[in-house]
Amino acid sequence: MAEHTSSTIEIEAAPADVMGVIADFARYPEWTGEVKEAEVLERDAAGRAGKVRLLLDAGAIKDDHTLAYTWTGDHEVGWTLVKSQMLRALDGSYRLRPLDGGARTEVTYQLTVDVKIPMLGMIKRKAEKVIIDRALAGLKKRVESAPASS
């Protein structure tokens, strides 16, 4: 089993608002930084993204890849790599936990990245940590600056 990196952040918003931003792939280029384009290729029976093509520019890693998404209830989404030019694996998840009766949300982001080019494990973990930290900071900023849903 490949090693993974994870981090947690608290967001001043309800889980539904946080998941709404996570599920809105078309707007990823507005807040993620690394994602330059996102296109939903397939949807599941509930209308949620099932397969998404992402054009990524994360400095050392530039890639056009497709991820398959699995939604577990309203508080978890995971993904696995379907195809990529540079990556062997890009598996991860967002897990949401309501806090303060649902007024706030704890978000845990877990990620495993494996590239096709040789790279030390320590450098891969560092890259995962940077990706996770940027994603969580961007998610928090995006959710907390958006008007809350009622």
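This report covers an internal cavity, two residues with their contacts, and the salt bridges of a predicted model.

## The cavity

The whole structure holds 1 cavity of 30 Å³ or more. The largest cavity encloses about 350 Å³ of space. Its lining comprises 21 residues, and V35, L54, L56, Y109 and I131 are the closest to the centre. A general point applies here: rolling a probe the size of a water molecule over the atoms reveals where empty space is left.

Several elements contribute to the lining of the largest cavity. At least two residues each come from α2 (28–31), β3 (49–58), β4 (61–72), β6 (87–99), β7 (104–115) and α3 (121–145). Strand β4 gives the most, with 4 residues. By class, the lining has 18 nonpolar residues, 2 polar and 1 charged.

## I131 in helix α3

I131 sits in helix α3 and is among the lining residues closest to the cavity centre. I131 counts as partly exposed because its relative accessibility is 22%, and buried means under 20%.

Beyond residues up to four places away in sequence, I131 touches Y109 and L111. Y109 is also one of the residues closest to the cavity centre. The C-alpha atom of I131 is 8.2 Å from that of A58, with their positions 73 residues apart along the chain.

## S7 in strand β1

S7 belongs to strand β1 (residues 5–11). S7 counts as buried, because its relative accessibility is 15%. Outside its neighbours within four places in sequence, S7 contacts V107, T108, Y109, K129, I132, D133 and L136. Y109 is in contact with I131 as well.

## Salt bridges

The count comes to 15 salt bridges. In general, side chains of opposite charge can pair when their charged atoms come close.

E34 pairs with R134, with the closest N and O atoms 2.8 Å apart. This pair links distant parts of the chain: E34 is in the loop between α2 and β2 (35–43), while R134 is in helix α3, 100 residues apart. E34 is buried at 10% relative accessibility. R134 is partly exposed, at 47%.

E106 bridges to R97, with the closest N and O atoms at 3.0 Å. E106 is buried, with a relative accessible area of 18%, whereas R97 is partly exposed at 43%. K51 pairs with E42, and here the closest N and O atoms are 3.5 Å apart. K51 is partly exposed at 23%. E42 is partly exposed too, at 42%.

Salt bridges also form a network that links E10, E12, D100 and R104.

Conventions:
Residues are numbered from 1 along each chain as its sequence is written. This is a predicted model: local features need pLDDT of at least 70, side-chain atom pairs count only at pLDDT 80 or more; totals for chains, interfaces and linings use all residues. Side-chain values use heavy atoms; hydrogens and water are left out. Buried means under 20% relative accessible area, exposed over 50%, partly exposed in between (1.4 Å probe, protein chains only). Contact means heavy atoms within 4.5 Å. On a 1 Å grid over the protein atoms alone, a cavity is a set of points where a 1.4 Å probe fits but cannot get out, and a pocket is an open set with protein on both sides within 12 Å along at least five of seven lines; lining residues have an atom within 4 Å of a point. Grid points are joined across faces, edges and corners, and a volume is the space filled by probe spheres set on the points. Ala, Val, Leu, Ile, Met, Phe, Trp, Tyr, Cys and Pro count as nonpolar, Asp, Glu, Lys and Arg as charged, and the others, Gly among them, as polar. A salt bridge is a side-chain nitrogen of Lys or Arg within 4 Å of a carboxyl oxygen of Asp or Glu.
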